[in-house]
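Thanks for making time this morning. I would like to walk you through one structure slowly, and please stop me whenever a term is unclear.

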Protein chains: 2
Amino acid sequence: MKYGFGIDLGGTTVKIAYFDQEGTMLDKWEIPTVTAGGGVQILPDIAQSVRGYLDTKGIPRKQILGLGIGVPGPVSGKGVVNRCVNLGWGVFNIADSLSSLTGFPVKAGNDANVAALGEFWKGGGQGCENMVFVTLGTGVGGGIVVDGRLLHGSHGSGAEIGHMVLRSQEPERCSCGKHGCVEQYCSATGIVRLAKRHLAASDTPSVLRGMESFVAKDVFDAGKAGDVLALEVLNEFYQLMGEFLGSLCSVVDPEIVVLGGGVSKAGTMLLDGVEPYFHKYVFHAASDVKFALASLGNDAGAYGAFKLALDAFGA
Amino acid sequence: MKYGFGIDLGGTTVKIAYFDQEGTMLDKWEIPTVTAGGGVQILPDIAQSVRGYLDTKGIPRKQILGLGIGVPGPVSGKGVVNRCVNLGWGVFNIADSLSSLTGFPVKAGNDANVAALGEFWKGGGQGCENMVFVTLGTGVGGGIVVDGRLLHGSHGSGAEIGHMVLRSQEPERCSCGKHGCVEQYCSATGIVRLAKRHLAASDTPSVLRGMESFVAKDVFDAGKAGDVLALEVLNEFYQLMGEFLGSLCSVVDPEIVVLGGGVSKAGTMLLDGVEPYFHKYVFHAASDVKFALASLGNDAGAYGAFKLALDAFGA
């Protein structure tokens with residue numbers, strides 16, 4: 001039996017997990033992400049933590065097949081990071097650097113893509129060949145698996161599905177600088193934005209009016225309780241999700257769409273709302289798509305990162 | 001040296017080409033597509049033509065690595081056709097059937113996807129790893145190459161990019177039954193439709209008003225001659241193309257977009273019109289994309305079909 005590490009590198013913490021080659025997570029822990037000084041300490045810290053773990057447990061280095069790492073920014077198929085603003089990083093080959101520091105082979109990918117691979121392997125997408133993974137959180141991210149392999153893209157920014165254009169006439173600007181991106185409507189912050197627009201545009205009574213501030217969960221809770229305005233907001237959100245996923249699945253033609261991120265905690269209410277609009281907008285031959293919720297939570301990135309290494313070095 | 005056949009099956013003719021394994025097209029010819037009787041004669045006709053060619057030329061069967069075929073309908077990665085309305089076909093495994101009839105291994109794909117593979121291999125996309133191919137003809141079709149492999153999709157309808165949703169509020173219906181598909185605006189017929197809307201909505205003088213009927217080429221020709229209304233129409237078309245390709249490339253992150261089909265005969269005028277809008281709508285990290293025109297014309301399907309066989313059986 002061989003073993004390896006799956007590493008999910010975030011802006012505040014690094015999640016490190018130790019796996020056997022079957023994909024059983026045997027151990028996991030976190031270390032802080034030290035972004036000071038252009039993030040020069042991040043990879044040495046990870047290498048020290050991995051080496052320390054092996055020494056403490058008395059694990060022979062020859063049992064380790066390699067490391068996988070998910071990074072919050074674009075990463076090319078060859079392991080070249082193309083700037084991570086959160087970490088202070090520029091352009092360099094993270095796979096080569098971390099490999100030098102640890103002595104193990106390293107495979108790297110974008111964090112959202114890597115989380116998609118985790119859900120594909122051990123989560124909501126198990127048993128499929130083609131999958132679209134969508135995280136509905138503060139932003140909208142995701143990953144695409146084609147014939148069992150991640151779509152990385154030529155510049156490491158494959159599956160930036162949150163920046164597909166939904167409403168080109170949108171006056172407000174997306175964080176990316178464009179106008180009308182999916183993320184402006186379908187993220188947790190996007191839902192709040194839609195709700196504020198509805199509140200401003202009508203006098204319909206709503207529990208949301210009495211709140212000093214509210215979040216996406218409040219909109220779902222109000223809708224569940226029958227709040228008419230909240231239901232109008234959710235209906236617009238479902239419509240936008242249907243257009244977005246209908247277009248995306250007409251391109252990818254997957255077996256399954258897996259929804260994750262904070263908004264996916266709305267669960268079956270979300271799936272039941274989105275599916276009818278999805279069928280309105282997807283190309284008929286690609287319409288036989290299952291919808292599922294992500295099941296690995298915060299561990300998806302570590303699973304997917306290890307799977308990257310397993311696919312590359314496990315044979 | 002091994003050899004093989006690339007077959008492009010259309011609604012009226014079957015194009016058959018004979019290649020060496022380097023991809024040199026050594027011979028090509030056409031036979032009629034006999035769709036009568038549910039299209040039962042189509043595969044036997046192809047088999048007879050292929051066997052006849054080998055006999056006439058005295059080519060030993062052991063020199064043949066296999067056949068590839070592009071089909072005008074969805075084809076799964078395993079070779080299952082999922083209805084071709086044009087041909088009268090239902091659901092069956094075309095790869096197995098044609099293999100039985102010829103005695104050679106067969107690989108099949110959707111015709112637009114296969115043409116994309118041809119352009120990727122020997123045409124406008126040569127030397128790339130990730131490509132988006134768009135045919136702007138009577139409809140809008142295309143194909144996507146990810147890390148050198150075609151995206152077939154789970155139901156054989158991958159890359160139905162002409163049915164991404166651009167304007168969900170569109171009152172007219174697309175041929176697919178949905179509303180607001182790319183094909184309703186960006187095809188040759190879509191451009192004429194846009195022009196008719198502009199003509200009806202304004203009194204701006206235009207040479208198009210004097211024509212009893214006109215086609216997309218007339219709109220481009222009028223625009224080139226400075227016709228104000230035609231330029232407005234083309235500007236809207238370019239904007240829609242920019243949104244469409246911006247969204248698509250934010251998903252796929254390719255190195256190159258190759259444009260083919262009748263509308264692509266507008267050449268650099270088309271590329272110069274689309275590129276500024278593309279950059280307005282594509283995610284910044286995926287914006288370093290080359291645009292090129294398809295270069296294989298009607299032979300793209302035969303090249304791609306042979307490449308399918310070469311990839312599957314050529315090793």
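Across the interface of chain A and chain B in this predicted model, there are 24 residue pairs in polar contact, counting pairs in which both residues have a pLDDT of 80 or more, whereas the rule for salt bridges finds zero of them across that interface. If we turn to the side of chain A that touches chain B, we find that β9 (140–146), β10 (149–150), α7 (228–252) and α8 (268–281) of chain A each supply at least two residues to it, and that the largest share, seven residues, comes from α7(A). Sorted by kind, the residues on that side of chain A are 19 nonpolar, 15 polar and 10 charged.

How much area is buried between chain A and chain B? The figure is about 3,400 Å², and carbon and sulfur atoms give 55% of it. Within chain A, the residues that lose the most area to chain B are A:His155, A:Val251 and A:Phe283, which together make up 18% of what that side buries. In terms of contacts, 44 residues of chain A meet 44 residues of chain B.

Let me finish with a single residue, B:His198, which sits in helix α5 (residues 188–201) of chain B. Is B:His198 buried or exposed? Its relative accessible area is 19%, and because buried means under 20%, B:His198 counts as buried. Beyond its neighbours within four places in sequence, B:His198 is in contact with B:Leu229, B:Glu232, B:Val233 and B:Glu236, and the side chains of B:His198 and B:Glu236 are joined by a polar contact of 2.6 Å.

Methods:
Residues numbered from 1 in each chain as written. Chains lettered and ligands numbered in written order. Predicted model: local features only at pLDDT ≥ 70, side-chain atom pairs only at ≥ 80, totals over all residues. Heavy atoms only, no water. Helix = DSSP H or I, 4+ residues; strand = E, 2+ residues; numbered from the N terminus. Buried < 20%, exposed > 50% of the residue type's maximum accessible area, 1.4 Å probe, protein only. Polar contact = N/O pair within 3.5 Å; in protein donor to acceptor, adjacent residues only side chain to side chain. Contact = heavy atoms within 4.5 Å. Buried area = accessible area lost by both parts, 1.4 Å probe. Salt bridge = Lys/Arg side-chain N within 4 Å of Asp/Glu carboxyl O. Nonpolar A, V, L, I, M, F, W, Y, C, P; charged D, E, K, R; others polar.
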